[in-house]
Amino acid sequence: MIKIDKRSEQLYCDNCDSLVGYEIIEKKEVYNLRGDLIEINSYVAKCKTCNSELFEPYLENENLKQLYRKYAKKHNLILPEDIKSMREKYDVSQTLFAIILGIGEATIERYESGSLPSKSISNLIKSAENPLFFSRMLENNKSKLTKTDYERIKKNIEEIKDFNVNYLSTLEQVYLQTTNSKDLNFQKLYEVVAELFNAIKKLGINFLYKTKFVKLLWLIESSYYDTFGEKLTGLDFAHLPYGPVPERHYILLEIMKEAKIINIEEVNDEPDKAYTILYPKDLSYAKFLDVSEQDFIKQIVGKYGSLNAKELTELTHNDLRWINTKDGELISLEIKE
């Protein structure tokens, strides 16, 4: 039972048409929140005279917080205490945190009070946990800060122990510096790859040839964009003769190997024929992907995972995005007729 600081010993009851004494009961209720049915144990004020349910503002607010929190956990949205903890790590106020991330101060205040952020805003705030990301955002919005605030926050970031080592590997930094994938969220990419391999294992497949792997990545990313109008991981693809391929995919594979997501094996069974085989290693990543994103990946892999590399190549060659670009060019996810 929650504790309530009642301002009055009585509440108004419409049925009794008078102020009445009440008790607090607990009952299961199902709410439709953003199209999702969420069940919580609500706390309700009940009239001691006629047993009618009464409106009590504090209880309603607590029930709403509980509902939002359960939804946030289910959909992997950032929680209020995580936002506050992140701000405290960098020693910034709600105002400064909002300016650096490019969102409204009132928005941060609402989220810390329990309101639900959108998935994209939640991911943006989660990314700020990475000091390198937060440092880049600080530089991007430097002009909106006083010199004193800028220098103090920059110093706070730099004093976080070994943040360059702990948050982005050398290869990850090189990849961001040498490709157009500036918005790539490595953590989310790792989770997509882990979910891809989890789904492919359910089809009875224990490894993937590199060609098939990169094509499945493209189908996941492009299909997600077609469905929701936004990128899933921020990974960019280039036009190559055999279809869309992630920029500098050889480095990207080494990064995934370094992150212990996959193992890579080079096979030379026949003269002049070499194959790169990818095996899953750590499939336990689960921070940024929500249930709907996990289900989306399973759906795409279930649809295309049984096709061989040749069939997938023919499929991607029919994509207007590949058709309308030249060899080596970046492929925009927006379809242009």
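Is S223 buried or exposed? In this predicted model, S223 is buried, because its relative accessible area is 15% and buried means under 20%. The residue belongs to helix α11, which spans residues 210–228, and the points below begin with its surroundings before turning to other buried residues, a helix with a buried side, a crossing of two helices, and the strands.

**S223 and helix α11**

- A polar atom of the S223 side chain lies 2.6 Å from the backbone oxygen of L219.
- When residues up to four places away in sequence are left out of the count, S223 touches W218, F296 and I300.

**E293 and helix α13**

- E293 has its place in helix α13, which covers residues 291–304, and with a relative accessibility of 2% this residue counts as buried.
- The side chain of E293 is joined to the side chain of Y224 by a polar contact of 3.3 Å.

**T325 and the loop before β11**

- T325 is found in the loop that lies between α15 (320–323) and β11 (330–331), and at 15% relative accessibility T325 counts as buried.
- The side chain of T325 has a polar atom 3.0 Å from the backbone oxygen of R321.
- Not counting residues up to four places away in sequence, T325 touches H239, L330 and I331.
- Although T325 and L240 are 85 residues apart along the chain, their C-alpha atoms are separated by 9.4 Å.

**Helix α14 and its buried side**

- Helix α14 is made of residues 309–317, and L312, T313 and T316 are buried in this helix.
- These buried residues cover an arc of only 105° around the axis, and therefore they sit on the same side of α14.
- An α-helix has 3.6 residues a turn, so residues three or four places apart point the same way.
- The partners against which the buried residues of α14 pack are α11, β8 (243–246), α13 and α15.
- At the N-terminal end of α14, N308 acts as a cap, with a side-chain oxygen that lies 3.1 Å from the backbone nitrogen of K310.

**The crossing of α3 and α6**

- The axes of helix α3 (residues 94–101) and helix α6 (residues 131–140) come within 7 Å of each other and cross at roughly 85°.
- Because angles of 65 to 115 degrees count as roughly perpendicular, this crossing makes α3 roughly perpendicular to α6.
- The residues that meet in this pair are F97, I100 and L101 from α3, and F133, F134, M137 and L138 from α6.

**The open sheet of β3, β4 and β5**

- An open sheet is formed by 3 strands in the order β3-β4-β5, and their pairing is antiparallel.
- Its edge strands are β3 (22–33) and β5 (53–54), each of which pairs on one side only.
- Strand β4 (residues 36–47) runs antiparallel to β3 and is joined to β3 by 12 bridges; K28 has N41 in β4 as its bridge partner, while K27 stands opposite S42 in β4.
- The hairpin of β3 and β4 has 2 residues between the strands, and R34 takes a positive phi near 50° there.
- Strands β4 and β5 pair in the antiparallel sense over 2 bridges, and A45 stands opposite L54 in β5.
- In the hairpin of β4 and β5, where 5 residues lie between the strands, N51 takes a positive phi near 70°.
- Helix α1, which spans residues 57–74, lies across β3 and β4 and runs at about 165° to β4.

**The pairings of β7**

- Strand β7 (residues 237–240) pairs with β8 in the antiparallel sense over 4 bridges, and the two strands form a hairpin with 2 residues between them.
- Strand β7 also pairs with β11, again in the antiparallel sense, over 2 bridges.
- F237 has a partner in each of these strands: P246 is its bridge partner in β8, and I331 stands opposite F237 in β11.

Technical notes. Residues numbered from 1 in each chain as written. Predicted model: local features only at pLDDT ≥ 70, side-chain atom pairs only at ≥ 80, totals over all residues. Heavy atoms only, no water. Buried < 20%, exposed > 50% of the residue type's maximum accessible area, 1.4 Å probe, protein only. Polar contact = N/O pair within 3.5 Å; in protein donor to acceptor, adjacent residues only side chain to side chain. Contact = heavy atoms within 4.5 Å. Pairing = 2+ DSSP bridges. Axes fitted to C-alpha atoms, helices over the stretch in contact; angles between N-to-C directions. Arc of directions from axis to C-beta. Parallel < 35°, antiparallel > 145°, perpendicular 65-115°, else oblique.
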